[in-house]
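User: Please explain how the structural terms for this complex are justified. I would like each label set against its criterion.

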Amino acid sequence: MYRYDEFDERFVRERVAQFRDQVARRLDGSLSDDEFKPLRLKNGVYLQLHAYMLRIAVPYGTLASRQLRQLALIADRYDRGYGHFTTRQNMQFNWPKLRDVPDILGLLADVEMHCIQTSGNCIRNVTADHFAGVAADELEDPRPTAELIRQWSSLHPEFSYLPRKFKIAVTGAEHDRAAVKVHDIGLRILKHPQTGEIGYEVIVGGGLGRTPLIGKVVRDFLPKDELLAYLEAAMRVYNLEGRRDNKYKARVKILVHEIGVEEFRKRVEEEYAKLNGPSINADPAEVERIAAYFAPPTYEKLPGDSKAYAAQRATNAAFAQWADASVFKHRIPGYAALTISLKTIGEAPGDITSAQMRAVADLAEKYSFDELRVTHMQNVVLPHVKQSDLFAIWNALREAGLAEANVGLVTDIIACPGLDYCALATARSIPIAQAIAKRFQDQQRQRDIGPLGIKISGCINACGHHHVGNIGILGLEKNGVENYQITLGGDATENAAIGDRLGPGIDADEVPDAIERLVDVYLNQRLKDEPFIDTVRRVGVAPFKDAFLAKDSSKTEEAEHAVA
Amino acid sequence: MPLLDRSGLKAETFARAENLSDAAGDVIVPWANVQAVLEAGAGNHRLGVDIPNNISIDEILPLVDRLDLISVPFPSFSDGRGFSLAKQLRDRGYRGVLRAQGKLITDQFAYALACGFDEVEPADEVFARQPVEQWLAALTRITNVYQRGYDGAANILDQRRAARAAKAAQVESKEASHV
Amino acid sequence: MSTPKRVPLPAILLANDLLDGDVVFSTGDGWTRDPSEAVIAYDDPTADKLEAHAKAAFAAQQVVDAYLVDVAIDAQGRPTPRHFRERFKTLGPSNRPDLGKQAVYRAL
Ligand code: HEM
Ligand code: SF4
């Protein structure tokens with residue numbers, strides 16, 4: 001993975017000192033509260049309900065063991081012994097004190113980490129496929145591109161006061177695990193159909209939030225070495241023309257929507273034509289320099305699928321079931337990419353204790369070339385483990401309380417922090433996730449249901465991606481009570497789709513029943529081996545809607561509004 | 001209002017006026033009047049203009065050769081349009097004085113200079129809290145930027161490139177001396 | 001002077017401590033982290049006083065995000081915010097009873 005050179009090192013250290021000074025100037029009144037707020041946000045510091053929150057960048061979701069250990073140390077020393085992995089591959093701490101943040105940033109800098117631009121109206125942490133460098137369907141590792149953009153976007157003199165936040169995602173694989181179509185800019189690495197040259201498809205104007213939109217292609221093919229100049233042109237058009245009169249209409253998706261993708265494309269191309277590309281783009285040697293850090297590790301030459309692994313599977317059903325859910329095929333024979341579920345039944349999705357961080361870091365060091373990935377499903381991946389080590393890893397994970405066999409299944413729920421932490425929330429998310437997970441905790445039943453993505457947001461901002469959940473749950477307030485809207489048929493992959501609302505919102509305690517009714521419709525209607533989302537596509541929303549609206553008549557109004 | 005550049009406070013030589021006849025010496029006129037002023041001839045006044053920040057660069061470009069100063073407003077510090085306007089003006093050949101005026105804060109000073117501004121005219125209300133020492137200190141915080149084209153050769157990418165070239169030259173000369 | 005937008009009384013005034021981020025409650029001339037020690041404004045003059053206190057503390061860089069919250073009074077005379085959002089602010093995360101104010105003050 002990428003290592004800082006002297007420039008990166010100095011840059012991050014100086015940024016820490018700069019933030020320390022900004023805090024001091026806030027305290028002495030030089031900076032007003034209004035002025036300080038965007039400055040702290042650009043360093044990942046939010047004010048939540050109970051405390052500050054610190055969002056730490058995990059660029060493109062790649063972490064080394066020593067970095068995760070440092071996060072564990074910060075969790076113990078400055079927080080409450082746990083952290084939360086987000087859908088944007090970052091880590092959040094929920095209880096830091098502003099007075100401690102500069103010191104925390106210093107500890108992060110010690111392990112080449114930072115909080116730069118994890119919030120605020122600027123170019124945010126760049127995300128990428130969590131199976132980068134692993135997946136067999138990959139054309140090129142997206143991380144060198146993401147790292148180049150990370151550097152280019154850091155403290156950008158021109159694009160640090162944008163109309164609104166700006167999120168970029170990169171994928172290099174056929175199957176889109178980076179949700180590039182719901183980002184402000186999505187980059188898909190591809191081969192030019194005629195010349196075979198490597199470049200990007202550029203997708204602009206996707207996004208969720210209160211106006212969910214699927215991004216549109218503005219460039220079919222951008223040669224790889226022209227990336228930064230083209231991004232400069234696109235960002236400039238957005239910076240100048242994005243709406244600043246209404247915060248809810250300020251994302252680039254609204255600009256693209258209002259002027260149309262053809263007009264947006266034309267304006268970007270006009271600006272691009274006037275730029276002096278070679279004076280902006282990174283030279284090929286720089287691109288190579290970065291790419292070299294992402295060279296594959298030195299795998300052992302293994303004869304193919306491990307016999308020991310097969311034998312362990314054959315004799316231990318629980319192990320086999322866990323492996324079925326957790327193992328992703330590695331392109332190297334005898335290896336596996338292993339997803340560790342952070343969705344233990346009864347726990348908050350994405351939360352991880354400091355002890356678990358250390359346990360996972362140890363496993364990465366011992367079995368996975370010291371490397372970890374954070375997924376937008378709020379799980380963690382050991383990207384390169386030998387199949388023959390899986391059994392030992394499973395045992396270690398069981399000890400750490402991290403061996404839930406539910407990756408990709410109905411209890412692998414994405415949930416934002418919601419009203420348990422978030423100052424913008426209209427309702428809670430975590431207890432809803434916990435209640436659904438409890439309802440479906442039976443292993444056999446989960447496996448029988450198969451892949452099903454439930455995503456929960458605690459308000460219209462959609463941090464839990466509910467619009468693109470196969471089942472989406474949006475927490476709102478109605479008459480002073482938490483109320484939940486259910487959507488169906490969303491999809492965040494290359495078949496990106498926004499879910500349809502099934503009907504009026506329901507109370508918190510009705511949610512598990514409602515989900516169960518939807519799952520029952522699927523089980524009754526599915527063809528052999530047909531996943532949930534495909535059945536929804538084939539039979540349409542109607543039967544699900546009927547089931548959703550056919551609330552159990554025994555359940556009456558007097559049921560208390562208390563959440564499970 | 002105060003005026004400062006990268007070396008500190010500087011004297012204001014321009015006065016804002018609706019028309020040239022309203023002031024002696026250097027004058028900044030409103031964008032709405034600049035066409036008429038230019039048609040009438042600026043005489044020996046140095047001429048500046050206050051442009052709005054939602055203007056298209058194409059409207060200004062035909063005039064830039066005859067302008068000594070362009071002042072770009074920052075109605076609030078969070079409105080970053082002025083940075084892009086400045087960069088466009090510089091890239092497309094404007095060589096006169098470029099001024100950022102309004103509610104910028106010290107933490108934006110380096111960005112403003114990198115985008116091509118020469119000077120900042122901060123709002124009185126901001127300057128009262130953020131004196132000139134803070135503006136100058138803000139320029140020393142971050143030594144190098146990553147972006148090419150914003151501050152000459154001081155960017156990190158070009159420095160890396162130069163280091164690579166120097167290393168290659170060294171290897172070459174070593175090899176040569178071995179022959 | 002009472003503002004027309006003011007929440008119904010009785011009310012307490014809460015804020016976040018600028019340096020710590022903790023939720024704090026006005027005692028009229030100081031701040032407490034214990035919700036049961038919050039001064040309860042039953043009338044407009046008391047509410048005015050709390051707001052003036054918050055305004056001064058904001059100007060002095062002590063607190064941020066200060067506002068009045070309407071409360072119900074329980075049998076022990078303690079204030080409980082009527083809205084569930086504010087109630088969470090006086091308690092902590094509902095999924096983590098071991099954290100937040102509920103872990104420290106609730107048993108009182
Ligand atoms: C807890 C404090 C948080 C706050 C205050 C917050 C705030 C927001 C806001 C205001 C938006 C909507 C922006 C817009 O559409 O213009 C948003 C969107 C989003 N947030 Fe958060 N968020 C928080 C936590 C999280 C967490 C924990 C995650 C991941 C689990 C997350 C990931 C996202 C994502 C992926 C979006 C997607 C919508 C999009 O950008 O199109 N946020 N957030
Ligand atoms: S979706 Fe709403 S409640 Fe959830 S984290 Fe985002 S802003 Fe907070």
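The discussion below takes up sheets, helix packing, ligand surroundings and domains in turn.

User: On what basis are the values computed, and how are residues and chains labelled?

Analyst: The model is predicted, and local features need pLDDT of at least 70, side-chain atom pairs count only at pLDDT 80 or more, while totals for chains, interfaces and linings use all residues. Residues are numbered from 1 along each chain as its sequence is written, chains are lettered from A and ligands numbered from 1 in the order in which they are written, and side-chain values use heavy atoms, with hydrogens and water left out.

User: What makes β14 and β15 of chain A a pair of strands?

Analyst: Strands are DSSP runs of E with at least two residues, helices are runs of H or I with at least four, and both are numbered from the N terminus. Two strands pair if DSSP finds at least two bridges between them. Strand β14(A) covers residues 371-374, strand β15(A) covers residues 380-386, and 2 bridges link them in the antiparallel sense; the criterion of at least two bridges is therefore met. Val374(A) is placed opposite Val380(A) of β15(A).

User: Why are β3 and β11 of chain A called edge strands?

Analyst: The order in this open sheet of 5 strands is β3-β14-β15-β12-β11 (chain A), and the pairing is antiparallel. Both β3 (62-64) and β11 (327-329) of chain A pair on one side only, as edge strands do. On average, neighbouring strands of this sheet are turned by 35° against each other, direction ignored.

User: How do you know that helix α3 of chain A packs on that sheet?

Analyst: Contact means heavy atoms within 4.5 Å. Helix α3(A), residues 65-78, touches β3 and β14 of chain A, and its direction makes about 85° with that of β3(A). Such angles run from 0 to 180 degrees between N-to-C directions, with axes fitted to C-alpha atoms, for helices over the stretch in contact. Helix α11 (residues 317-326) of chain A lies across β11 and β12 (335-340) of chain A, at about 50° to β11(A).

User: What makes β1 of chain C a partner of β4?

Analyst: β1(C) and strand β4 (residues 63-73) of chain C share 6 bridges in the antiparallel sense, and Ala11(C) stands opposite Asp70(C) in β4(C). The open sheet of 5 strands that holds them has the order β3-β2-β1-β4-β5 (chain C). β4(C) is also joined to β5(C) by 3 antiparallel bridges; these two strands form a hairpin with 5 residues between them, and Gly77(C) in the turn has a positive phi of about 85°.

User: Why is Cys463(A) called a donor of the iron atom of ligand 1?

Analyst: Donors are N, O and S atoms within 2.8 Å of the metal (3.2 Å for Na, K and Ca); water is not among the atoms, so sites may look incomplete. The SG atom of Cys463(A) lies at 2.1 Å from the iron atom and is the only protein donor; the criterion of 2.8 Å is therefore satisfied. Cys463(A) belongs to the loop between β17 (454-457) and β18 (471-478) of chain A.

User: How is chain B divided into domains?

Analyst: The bounds come from an automatic or database domain assignment. Chain B has domain 1 (4-142) and domain 2 (147-179), whose C-alpha centres lie 37 Å apart. Chains B and C share no contact, and their closest C-alpha atoms lie 13 Å apart.
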